[in-house]
Amino acid sequence: MSLPFAAPTDVLIVGAGPAGLHAAFYVGLRGLSVRLIDAHSEVGGQLSALYPDKLVYDLPGSPSARAADIVAALKAQLAPFGPDYRLNELAQTLTETADGWTVTTDCGAYPAHAVIVAAGMGALLPREVRLGDQHPDVRTGLAEPSTFEGRAVLIVGGVPQAVQAALDLTAADARVTLTHRRALFRGSPAQLAQLETLRQSGHLNIQAPTEVEQLDETGAWLRTGVDLRHVAADSVYVANGHLPDLSALQRWPLGWQGEYIPVDAAQMTRLPGVFVAGDVSLSGGDFKLLSVGLAQAALAANHAAHHVNPALKARPGHSSDRRLPQPGE
Ligand SMILES: Cc1cc2nc3c(=O)[nH]c(=O)nc-3n(C[C@H](O)[C@H](O)[C@H](O)COP(=O)(O)OP(=O)(O)OC[C@H]3O[C@@H](n4cnc5c(N)ncnc54)[C@H](O)[C@@H]3O)c2cc1C
């Protein structure tokens, strides 16, 4: 079956982590259209998938910021340029065309005049679930919370995504049990306070530290010490963290050196019109830092803009010389 072709964009970015988001901002600032593909269900890369609850202290000009808030700010900065997000899609192939490149995912084909690979450590895919296949609805991602209204949902995990799912599903009037093998859950102070309020009011059933002994057709057997009890569940959501996977992109002929792609001073690879930014760029060495990736994103995006339209200088000039629309204007 042939994949549907999307309308071409000037620039296509593989990876909507911080480097991809910042590159997309500059592409938009240069007046070009931009699309971002990410295998994860939300933008923000490692900050969203691995440590949304943690404080970051070394972002320039920001004494401390929660990772989830950094992502929200990057996304808001880019929003005026109307980026086209394609989430939950894994980029798989790169093919040269008459006027650029086409990247295919499992869902579609995306032509563009230039591509920026901002793939970080790889596609952030949910860890495998090893709970057997007896239960009919075990998932590693969640649909719209309102679709769970009135249903019994078992959430397994202690990561911030598990905590947020418990809050969202309880608010959507699902009957939620949250279980984790450790006593502590991860989340922002506000999330954890809300969790405790719901537990105390009896709106949320929390079982921790508790092991999931076994799933069956109607729910799960949970073990807390010597106590074994059955919890009914129409759906089981396993939030077991994410693992990065570079394998799809490592088949692209980019001269990979281990987990890195070599680039020139313009952050361009050996393929004309294919640029790189962030953790995956060899130019940063093993400095896997936000500040380094954001700088590479500025270089990659502006050189990509010049590649797409040679009338645009590579150097963007100063944003402070411009007047951009402000939120609410
Ligand atoms: C626990 C932890 C704490 C950290 N703390 C700090 C800190 O305090 N300060 C700091 O500067 N840095 C910190 N870092 C590092 C920082 O998060 C990374 O440097 C940064 O996220 C890299 O951004 P990136 O956009 O290059 O890649 P990523 O954030 O990894 O984003 C890449 C995105 O590309 C997507 N992707 C990859 N391959 C594909 C594909 N084939 N198809 C579709 N999508 C794909 C991924 O799903 C991902 O969303 C920390 C990292 C971790 C893990």
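**Exercise 1. Which helices and which strand each supply at least two residues of the shell around the ligand?**

Solution. Helix 1 (18-29), helix 2 (45-49) and strand 9 (123-126) each supply at least two residues of this shell, where helices (H or I, at least four residues) and strands (E, at least two) are DSSP runs numbered from the N terminus. Helix 2 gives the most, with three residues. Before going on, note that this is a predicted model, in which local features need pLDDT of at least 70 and side-chain atom pairs count only at pLDDT 80 or more, while totals for chains, interfaces and linings use all residues. Residues are numbered from 1 along each chain as its sequence is written, and side-chain values use heavy atoms, with hydrogens and water left out.

**Exercise 2. Describe the surroundings of the ligand, from the residues of the shell to the polar contacts.**

Solution. Start with the shell, which holds 30 residues, and among these Asp38, Gln46, Tyr51, Ala91 and Leu290 come nearest; a residue is near the ligand if one of its heavy atoms lies within 4 Å of it. Next, sort the shell by class, which gives 18 nonpolar, seven polar and five charged residues. Here Ala, Val, Leu, Ile, Met, Phe, Trp, Tyr, Cys and Pro count as nonpolar, Asp, Glu, Lys and Arg as charged, and the others, Gly among them, as polar.

Then look for polar contacts (pairs of N or O atoms within 3.5 Å; within protein, one must be able to donate a hydrogen and the other to accept it, and residues adjacent in sequence count only if both atoms are side-chain atoms). An oxygen atom of the ligand lies 3.0 Å from a polar backbone atom of alanine 19, and an oxygen atom of the ligand is 2.6 Å from an N or O atom in the side chain of aspartate 38. A nitrogen atom of the ligand is 2.8 Å from an N or O atom in the side chain of aspartate 58. Finally, the protein buries 87% of the 1,000 Å² that the ligand exposes when taken alone, with accessible areas from the Shrake-Rupley method and a 1.4 Å probe; for residues, only the protein chains shown count as cover.

**Exercise 3. Where is proline 52 found, and is proline 52 buried or exposed?**

Solution. Proline 52 is found in the loop between helix 2 and strand 3 (55-56). With a relative accessible area of 14%, proline 52 is buried, since buried means under 20%, exposed over 50%, and partly exposed in between (1.4 Å probe, protein chains only). Leaving aside neighbours within four places in sequence, proline 52 is in contact (heavy atoms within 4.5 Å) with Leu47, Arg66, Ala67, Ala68, Pro160 and Arg186. The C-alpha atoms of proline 52 and aspartate 69 are separated by 8.0 Å, although these residues are 17 residues apart along the chain.

**Exercise 4. Set out the backbone features of aspartate 173, glutamine 267 and proline 209.**

Solution. Recall first that most residues other than glycine have a negative phi, and most peptide bonds are trans. Aspartate 173, in the loop between helix 4 (160-171) and strand 12, has a positive phi near 65°, and this residue is exposed, with a relative accessible area of 52%. Glutamine 267 also has a phi near 65°; this residue, in the loop between strand 18 (242-245) and strand 19 (274-276), is buried, with a relative accessible area of 3%. Lastly, the peptide bond from alanine 208 to proline 209 is cis, with omega near 0°, and proline 209 sits in the loop between strand 13 (205-207) and strand 14 (211-216).
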